[in-house]
Amino acid sequence: MIRAAKMVFLTVVFGMMAAPLLIVAGVSLNAKKRMFFPPDGISMRWYPEIYEEAKWSSALGNSVTIAVCSGFLAVSIALPIAYFL
């Protein structure tokens with residue numbers, strides 16, 4: 001009984017964590033220029049623009065840099081705390 005309750009709880013938590021990713025992925029496939037969910041039509045036309053336009057590749061580079069730095073900072077803070085505990 002407790003094991004089943006844990007599995008239900010974890011399924012709900014993982015589902016709530018994955019929901020924003022599913023919505024963003026759905027919006028990225030929209031055929032129109034406006035963000036609609038669910039998309040009106042399916043199109044992959046937005047993905048080549050990431051590589052063709054400099055402003056998108058610059059923003060992507062900034063996002064990756066921020067992600068790597070924040071990950072390094074989080075691990076450098078959490079590792080000593082976890083070791084101490």
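Me: Which residues make the nonpolar surface patch?
Reply: Met-7, Phe-9, Leu-10, Phe-14 and Met-17 make the patch, about 560 Å² (Shrake-Rupley, 1.4 Å probe, only the protein chains shown as cover). Patch residues have over 30% relative accessible area and no salt bridge, with nonpolar side chains joined within 5 Å.

Me: What kind of model is this?
Reply: It is a predicted model: local features need pLDDT of at least 70, side-chain atom pairs 80 or more, while totals for chains, interfaces and linings use all residues. Residues are numbered from 1 along each chain as its sequence is written, and side-chain values use heavy atoms, without hydrogens or water.

Me: Where is Leu-10?
Reply: In helix H1 (a DSSP run of H or I, at least four residues, numbered from the N terminus). Leu-10 counts as partly exposed because its relative accessibility is 38% (buried is under 20%, exposed over 50%, partly exposed in between).

Me: New topic. How many salt bridges does a search of the whole structure find?
Reply: It finds 1 (a Lys or Arg side-chain nitrogen within 4 Å of an Asp or Glu carboxyl oxygen).

Me: Which side chains meet in it?
Reply: Glu-53 and Lys-55, at 4.0 Å, N to O.

Me: Is Lys-55 buried or exposed?
Reply: Lys-55 is exposed, because its relative accessibility is 58%.

Me: And what does Glu-53 count as?
Reply: Partly exposed, because Glu-53 has 31% relative accessibility.

Me: Why can such side chains pair?
Reply: Opposite charges can pair when the charged atoms come close.

Technical notes: Patch = residues over 30% accessible without salt bridge, like charges linked within 9 Å, V, L, I, M, F, W, Y side chains within 5 Å. Helix = DSSP H or I, 4+ residues; strand = E, 2+ residues; numbered from the N terminus. Buried < 20%, exposed > 50% of the residue type's maximum accessible area, 1.4 Å probe, protein only.
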